[in-house]
Amino acid sequence: MMAGKPRVAFYWAASCGGCDIATLEIREKILDLAQAVDIVFWPVAMDIKYKDVEAMEDGSIDVCFFNGAIRNAENEHMARLLRAKSKVLVAYGSCAHEGCIPGLANLSDREGIFEAVYKESPSTENPDGLVPQTRYELPEGEVEIPAFYDTVRTLGQTVEVDYFVPGCPPQADQTWAVFEAFVSGDLPPLGSVIGAGEKTVCDECERVKEEKKVKEFFRIHEIIPDEKKCLLEQGIVCAGPATRSGCGALCPTVNLPCRGCYGPPPGVVDQGAKLLSAIASVVDADTEEEARRIVSQIVDPIGTFYRFGLPASLLRRRKIQ
Amino acid sequence: MAEKDFEPRIIAFLCNWCTYAAADAAGISRMEQPLNVDIIRVMCSGRVDPSFVLKAFLEGADAVMVYGCHPPGDCHYSEGNYKTFRRMPLVEQLLEQYGIEKERFQWGWISAAEAPEWAATTRELTRKIKELGPLDWKGYLDGMESEGV
Amino acid sequence: MKKISIDPITRLEGHGRIDIFLDEEGEVANAYLVIPELRGFEKFCQGRPVEELPRITARICGVCPEAHLVASAKACDAVYHLDPPSAGKKLRELFYSAFFVYDHTTHFYVLAAPDFIMGPDADPATRNILGVISKVGLEVGGKVIEARGRALDIVKMLGAKPVHPISAIPGGMSKPMSEEEREEVEESARWLVEFGQFTIELFNDVVLGNKEYVDLILSDPFTLPTYYMGLVDDKNRVNFYDGLVRVVDPEGIEFVKYAPDEYLDHIAERVEPWTYLKFPYLKKVGWKGFVGGKDSGVYRATPLSRLNAADGMATPLAQAEYERMYETLGGKPVHQTLATHWARIIEILYAAERLLELTMDPEITDRDVRTICTDTPTEGVGIVEAPRGTLTHHYVTDEQGLVVKCNLIVGTTNNYAPISISIKQAAQGLIKKGKVVSEGLLNMVEMAFRAYDPCMGCATHSLPGQTPLEVRIVDAAGEVVERLSQYTG
């Protein structure tokens, strides 16, 4: 296997930090991990700098767990750098896997985002209409910031990825299972999803499922659902039928529907389209008119069906005219 | 933006029992049909997974059609076309949110006895899309994913 | 001009770089905290159903998702012109108090403590939680893991998941708390109050008992008079969940007290082209540059600010500590940035006491914890105190409840200008002509921002990798790992 202790790196691109906290949700097992491996790079936790990574030999990192989406030039640079320095690159968490929440920015572009943040924001005083510049000359010298791209990409759309761990964030027991798999060497073929199940969230959900015939859809603030029955059967759009299992179906335990953060089930390429199909199929309508009436109660199809997976979808982004 | 020599590429998912038969009959009867429509035969319009529509656009379609048997009674599988009219309105909404002009997605019902209807539909759609211009989804993605400001 | 870059800055959440420019004489001409990241929530929340925003905006931050979740739920309440039932609000605040304990504990022990307990110049390999444990003992390490675990388990129990919990929704909470659950929470709450007291004692011994640290805390490079902001209840006491936003001037006099829907009259944000983050400032004072003082609109929103802006704490043990801190540091307001760490642990104690108080409230297991939203939605603002500062969510919707506009002023964002000033001050105070710019010196510059706990409390553990120290800790007590896993969660 690996001579000496395995060298492991963690990195975050356009992320919220939740995946790093999720990694630490293995709690006291982190000490077992620290004993079993050498953590050679983890900016959130350690003082190793970018130049130290650049100085490493190619392939000298055994496994790199990379979370976060590719939003800007720095994220892309680090993705390429860590791909070169790592034998195995793992897309950890929904952002790296399929774009996640930052991926919703693909409904807009750089210009649209800058307009909203730096000009249209009601609290922003910006009479000269300034926006961030990649290079700016200050009295003391030049300051650079990474270019902000028009489109969010997944890690797999940027570099070759060896394994994918889904979830926003991945749950602790799954994270530990992944670490154990690497240490033991018991891994599926390259390109596989690991740290998750092989079915859908419905399979793990303990709610009672009878027959799905929906005559009305309700948004979550409009109804207090029964605590035991399937949420979709009560007219609440739930992504369970088209989401990979592995999380333990946690969200329905507090009376809220799944929103799909574990990504598409095995064999499904476009999660949103599959979910749309599943939801529409249970609409209880015998005429087109009635069907239209019922589905129009789903007010934001793209944001609902592609909440976590827009960049990874077939079409990837909205076309801005 | 219409380009002069632009020939739209239209993908049509047609149900075997109704619209495919209509298209066949239109051809045999030598009704005028544009060459722009490529037909994919499915056994039922209810077989058309929304991802087929998206994939067609991704792979270069400038427009997509989904046609089947008239509800309520004509479906060879009784209620397959019920799935169609439950799904397609949502697909329409989704495509709009993707920024794809609604003219590019057309779905409905054409029976085996309605060959002229089929021919007219294809002529009209081709004309409209010619005017609208190419979609070129992959070209658009390339442009939006290049580095730098 | 020579440029020294600290890239990336570490032991915080998020990405940042400090660019220090030295003039020909080797003195610091200026120092810039450059934030290279932006994701654009204000844009992509447009078009989303407003009731989905709590779960969406939670993803702004994976360490304080609860802050965004609750601020967002409150903004949605306002959008629908409703007030949740009393039990719903109390349950939200209970959930929120548990989160505060977890978050502040993480920051103090893992990010801040290494600088004080190991020393700011210590070898970077030891300047982390394991170094801390080696110095103060394994028992402390075990306590910290247990405290985080207990608090986070409450969040998980009530919110479905420990990271990105979901149960605060428009109208209240999506699920009431059972009596069984309440008993579990009560047991933990009592333990956490004791842990809060323990933390204060530790701080007394290790930090206040060390003259060098006290001198550092009181030193000029780390002193900055500004305006201070925090939420207060109807008796002007610190409250994390609800109240009015109170701002006091550098002399401690109340400058303004505003309700959430008035925030635009008081807060404005400035854009600079060399960074992606904006700089909020007090509109009525105006932007006067990166300077402190009464004439500058720069304000701070931190644990220290909250204590400065309030007249006291709402629970007895925390109140006693509050009084002791001000007595020790010579009165209110306190301008010493490093005292923020002290204020933070007083808040741990308050949060734990408040958690216990709410757990004992007779209404807390009431089944009626949410109201259905029926009004036509319009516009609303929700404000909470995030651990890092006052958090404002502002939504405008159409009649269907789809978001038309979303404005966010996030905890750390409030502090971007003061952090920048603190970094420049520290750099100018420490890096002088002829002095070797060592790693330790640069770390002291970083201490200037760490006091603010910028955005993420980061790792619960910082791992050095190859130090014998680490191995000795695990090897020296063979079963140590198991003992540390006393709390199995």
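How many residues of chain A are in contact with chain C, and how many of chain C with chain A? Taking two residues to be in contact if their C-beta atoms, placed from the backbone, lie within 7 Å, 76 residues of chain A meet 82 residues of chain C. The complex is a predicted model, in which local features need pLDDT of at least 70, side-chain atom pairs count only at pLDDT 80 or more, and totals for chains, interfaces and linings use all residues. Residues are numbered from 1 along each chain as its sequence is written, while chains are lettered from A and ligands numbered from 1 in the order in which they are written.

Let's stay with that interface. On the side of chain A that touches chain C, α1(A) gives the most, with six residues. Helices (H or I, at least four residues) and strands (E, at least two) are DSSP runs, numbered from the N terminus. By class, this side of chain A has 45 nonpolar, 15 polar and 16 charged residues; Ala, Val, Leu, Ile, Met, Phe, Trp, Tyr, Cys and Pro count as nonpolar, Asp, Glu, Lys and Arg as charged, and the others, Gly among them, as polar.

Strands also link the two chains. β6(A) pairs in the parallel sense with strand β9 (residues 267-270) of chain C over two bridges, where pairing needs at least two bridges found by DSSP. Here A:Thr124 stands opposite C:Glu269.

Within chain A, you can follow an open sheet of six strands with parallel pairing, in the order β2-β1-β3-β5-β10-β11. β2 and β11 (192-193) of chain A stand at the edges with a single partner strand each, so one side of each has no neighbour in the sheet.

Now turn to chain B and its helix α4 (residues 115-132). At 1.5 Å times one less than the number of residues, its 18 residues should span 26 Å, and the end C-alpha atoms are indeed 26 Å apart. Its buried residues (20 or more other C-beta atoms within 10 Å of their own; exposed means 12 or fewer, partly exposed in between, with C-beta atoms placed from the backbone) include B:Trp118, B:Leu125 and B:Ile129. Seen down the axis, the buried residues of α4(B) fall within an arc of 160°, taken from the directions from the helix axis to the C-beta atoms, so they line one face of the helix. The face turned away from the buried side carries the exposed B:Glu124 and B:Glu131.
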